[in-house]
Structures are given as structure tokens and as C-alpha cells.
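New to this one? Here is a quick briefing to read alongside the sequence and the 3D view.

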Amino acid sequence: MIEVHRLTKRFGTATVVDGLSFTVRPGRVTGFLGPNGAGKSTTLRMILGLDRPTSGRALIGGRPYRELTAPLRTVGALLDARAVHGGRSAYHHLAGLAAAGGIPRRRVAEVLRLTGLGPQTAARRAKGFSLGMSQRLGLAAALLGDPEVLILDEPVNGLDTDGIRLVRELLRERAARGGTVFLSSHLMSEMELTADHLVVLGNGRLLADAPLAEVIARNSRTVTLVRAPEAERLREVLAAAGGRVSAGDGGWLVEGLDAPTVGELAAAHGLTVHELTPRPSSLEEVYTAMAQPVAGQRAGAAS
Ligand SMILES: Nc1ncnc2c1ncn2[C@@H]1O[C@H](COP(=O)(O)OP(=O)(O)OP(=O)(O)O)[C@@H](O)[C@H]1O
């Protein structure tokens with residue numbers, strides 16, 4: 001479990017994290033969202049004892065990071081995949097970390113397998129690694145101590161489709177086994193597939209802390225897709241009934257009238273319907289709408 005209590009960070013006169021409180025619970029994947037500069041990385045760095053809070057505190061398993069007796073076994077973190085010592089092979093990098101953390105060397109082979117790094121790649125110097133390979137190595141290092149808590153900043157950045165799926169399955173599996181998983185990502189479609197719960201930041205403040213489905217349902221504008229051979233007549237009928245109608249996906253996208261109402265209106269006017277599909281918003285659409293007022297504030301503050 002990760003607990004953040006009224007956490008604040010100022011750099012000079014800029015307040016980048018502002019009285020933030022939330023709890024990341026075990027048994028689920030929690031996504032950490034926010035536009036560029038919202039304060040996500042700074043928050044993660046404070047949780048991991050890398051930045052000192054101006055006020056407030058962050059606890060992992062009830063303790064500040066610096067007071068953990070076995071940090072590698074308690075929390076695995078991936079903040080910057082490129083921060084690996086380039087001269088060593090991936091295998092020796094992990095073996096060095098294992099030795100320093102009192103972790104048996106056999107665990108190195110396990111985490112290499114879990115992250116899909118084959119023996120040939122593991123024997124290569126990390127300096128020549130692509131971003132995707134570096135991400136896999138960073139994840140392998142985070143998993144080394146088989147920790148209860150995982151904290152990952154943009155772990156799928158630079159990964160190919162197989163890598164993205166591997167990370168998603170790994171994180172979901174760890175959460176299902178009771179682990180605490182906290183990850184940031186700008187890839188909303190991926191977050192929608194991976195996370196159970198969301199913490200959303202804007203300008204260093206909490207915008208939402210709720211189950212993914214609830215965040216979507218609460219902020220969703222349901223649109224109905226309707227396709228009909230007499231498209232123009234249908235558009236007139238729907239518009240006359242107060243629907244906002246726009247063209248899209250081979251038919252009309254209707255807002256303000258639900259699917260049964262659209263169907264009944266079509267029937268009442270003798271219009272054949274070929275498709276009638278209610279479409280809840282995606283996380284991407286919901287998130288864009290949520291982040292907009294925040295981006296506006298930021299633009300306003302800058303001017
Ligand atoms: N060491 C520092 N000194 C001064 N300002 C900093 C420092 N670290 C971060 N900031 C500022 O704090 C703000 C928040 O940055 P942070 O990296 O936490 O945001 P983020 O949400 O992780 O953004 P991104 O999505 O781009 O990674 C930014 O305006 C950044 O410029």
C-alpha cells in the first residue's frame with residue numbers, strides 16, 4: 001500500500017505538487033494520469049525518497065521509503081529506463097543489484113524470463129539497448145526483489161506490441177496476486193486495458209481518485225451511432241427532436257438522445273435503421289475533456 005498525505009513540493013516559487021492526498025491499494029492496478037508537467041514524476045520521486053517534500057509525507061507499507069529495512073524487497077521502481085550503467089551487460093547489471101540487495105542470484109534468470117529478455121540480449125551491454133530493451137531491463141530490475149509494491153513511470157514507452165502486452169499481463173497478474181501496482185502512462189488506450197483504478201492530477205492537484213469505470217461513467221457523453229438508408233430524412237427527424245447530429249463512422253453520431261429514443265423516432269417516421277449502437281466515451285475522450293479546463297488554467301496562468 002502507498003499512502004500520500006497532503007504532499008506538497010515547491011521549486012522556488014512554483015508549487016508543482018499541491019496538498020496531494022491519495023492511497024494506492026493492493027490487489028489492483030492503479031493508473032496515474034495527468035498532462036505534461038502535472039507533477040506525476042515529482043510525486044513518484046517523493047514517494048521513493050528521491051525528492052524531499054516541502055510538506056506532507058508519503059509512506060510505503062506504512063513507512064517512509066528511507067526507513068524501509070529491505071527496500072528492494074518492498075518496492076520495485078522504474079522511473080528512468082535510460083539510467084542504467086551502460087558499460088555492463090544486462091545480466092551483470094541485475095546480478096550487481098541482486099548482490100547489493102541480498103537477493104539470490106537465481107532470481108536474475110527469473111526476471112530476465114519474465115520481461116522477455118533472452119540470454120543473448122542479457123549478455124549485451126546495456127549501452128547499446130533500444131528504448132524498449134532498456135524498459136524491459138528497468139522492469140526486470142524493479143521485479144528483482146519480488147516486491148509487494150511496484151511504481152512505474154511510463155513503463156510501456158518505447159515498447160513494441162508484444163512488449164506492451166507482456167507488461168500489461170505481468171502487472172495485472174501481480175495485482176491479482178495481491179500486489180500494489182502504481183503506474184503512469186500517457187497511452188490512454190493502454191491504461192484503459194490495464195488499470196482498475198485511476199488517480200488523476202492536474203496542476204499538482206487531485207482531479208479524480210476513483211475506479212476506472214466510475215471515472216468514465218461520471219464523465220462520459222454517450223453518443224449513439226445510427227445508420228439508415230434514408231440518412232438525410234433521419235437527420236432531420238433527430239435534429240427536430242433536439243438531437244445534436246454529426247457525421248461519423250459511416251452514419252450519424254447523435255448526442256442528447258439515447259439509443260431507444262433514436263430507434264422509436266425512426267420507427268414513428270417509417271424509417272428503416274441498419275445500425276443503432278450506443279457508444280460510451282473512451283478513457284481518452286473522457287480524459288481529454290477532464291484535462292481541458294486544467295490546460296486552460298495553465299495557459300491563463302502563463303499569460
Ligand atoms: N528539479 C526541479 N526543479 C525545478 N522545477 C522542476 C524540477 N523537477 C520538476 N520541475 C517542474 O515541476 C513540474 C512538474 O514536473 P513533473 O516532471 O513532476 O511532471 P509530470 O506530470 O511527470 O510531467 P510529464 O508527463 O511531462 O512527465 C514541471 O513544471 C517541471 O518543470
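**Starting at a loop**

Asn203 is partly exposed, since 19 other C-beta atoms lie within 10 Å of its own. You'll find Asn203 in the loop that joins strand E8 (197-202) to strand E9 (205-211). Its backbone is worth a look too: Asn203 isn't a glycine, yet its phi is positive, about 50°. One thing to keep in mind throughout is that this is a predicted model.

**How confident the prediction is**

- The protein chain has a mean pLDDT of 91, and 96% of its residues come in at 70 or more.
- For the complex, the predictor reports an ipTM of 0.96 and a pTM of 0.86.
- Residues 299-303 are a stretch to treat with care: pLDDT stays under 50 there. The model also gives residues 299-303 zero contacts beyond four places in sequence.

**The overall layout**

- The protein chain splits into domain 1, covering 2-214, and domain 2, covering 221-279.
- Taken over C-alpha atoms, the centres of domain 1 and domain 2 are 45 Å apart.
- Measuring along the principal axes isn't hard to picture: the C-alpha trace of the protein chain spans about 75 × 50 × 35 Å.
- In secondary structure, the protein chain adds up to 12 helices and 13 strands.
- Of the 303 residues in the protein chain, 37% are buried.
- Among contacts in the protein chain with a separation of 6 or more, 69% link residues 24 or more positions apart.

**Around the ligand**

- Which residues surround the ligand? They are Phe11, Val16, Gly34, Asn36, Gly37, Ala38, Gly39, Lys40, Ser41 and Thr42.
- Sorted by class, this shell has three nonpolar residues, six polar ones and one charged one.
- Helix H1 (residues 40-47) supplies the largest share of the shell, with three residues.

**Helix H1 itself**

- Seven of the eight residues of H1 are buried, so the rest of the structure largely encloses this helix.
- Those buried residues are Lys40, Thr42, Thr43, Leu44, Arg45, Met46 and Ile47. Lys40 and Thr42 also turn up in the ligand's surroundings.
- After H1 comes Gly49, with a positive phi near 70°.

**Two nonpolar cores**

- The largest nonpolar core holds 66 residues, and Leu94, Ala140, Leu144 and Ile151 have the most contacts inside it.
- Helix H6 (residues 131-143) gives this core its largest share, seven residues.
- Take Leu144 as an example: setting aside neighbours within four places in sequence, Leu144 touches Leu72, Gly76, Leu94, Leu97, Ala98, Gly101, Ile103, Arg107 and Val111.
- Apart from the largest core lies another one, with 12 residues, including Val226, Leu238, Trp252 and Val262.

**A closer look at domain 2**

- Is Val254 buried or exposed? Val254 is buried, because 27 other C-beta atoms lie within 10 Å of its own.
- Val254 belongs to strand E12. Leaving out neighbours within four places in sequence, Val254 is in contact with Val223, Thr224, Val226, Leu238, Gly243, Val245 and Val262.
- Val254 and Ala239 are 15 residues apart along the chain, and their C-alpha atoms are separated by 9.0 Å.
- Ala231 lies in helix H10 (residues 231-240). Ala231 counts as partly exposed because it has 16 C-beta neighbours inside 10 Å.
- Along the chain, Ala231 and Gly251 are 20 residues apart, while 7.7 Å separates their C-alpha atoms.
- Asp249 sits in the loop between strand E11 (244-248) and strand E12 (251-255). Although Asp249 is not a glycine, its phi is positive, at about 50°.
- Why does Asp249 count as exposed? Asp249 has 12 C-beta neighbours inside 10 Å, and a residue with 12 or fewer is classed as exposed.

How values were computed: Residues numbered from 1 in each chain as written. Predicted model: local features only at pLDDT ≥ 70, side-chain atom pairs only at ≥ 80, totals over all residues. Domains from an automatic or database assignment. Near = placed C-beta within 6 Å. Helix = DSSP H or I, 4+ residues; strand = E, 2+ residues; numbered from the N terminus. Nonpolar A, V, L, I, M, F, W, Y, C, P; charged D, E, K, R; others polar. pLDDT = per-residue confidence, 0-100. Contact = placed C-beta atoms within 7 Å. Core = buried A, V, L, I, M, F, W, Y, C linked by C-beta atoms within 7 Å. Buried ≥ 20, exposed ≤ 12 C-beta atoms within 10 Å, placed from the backbone.
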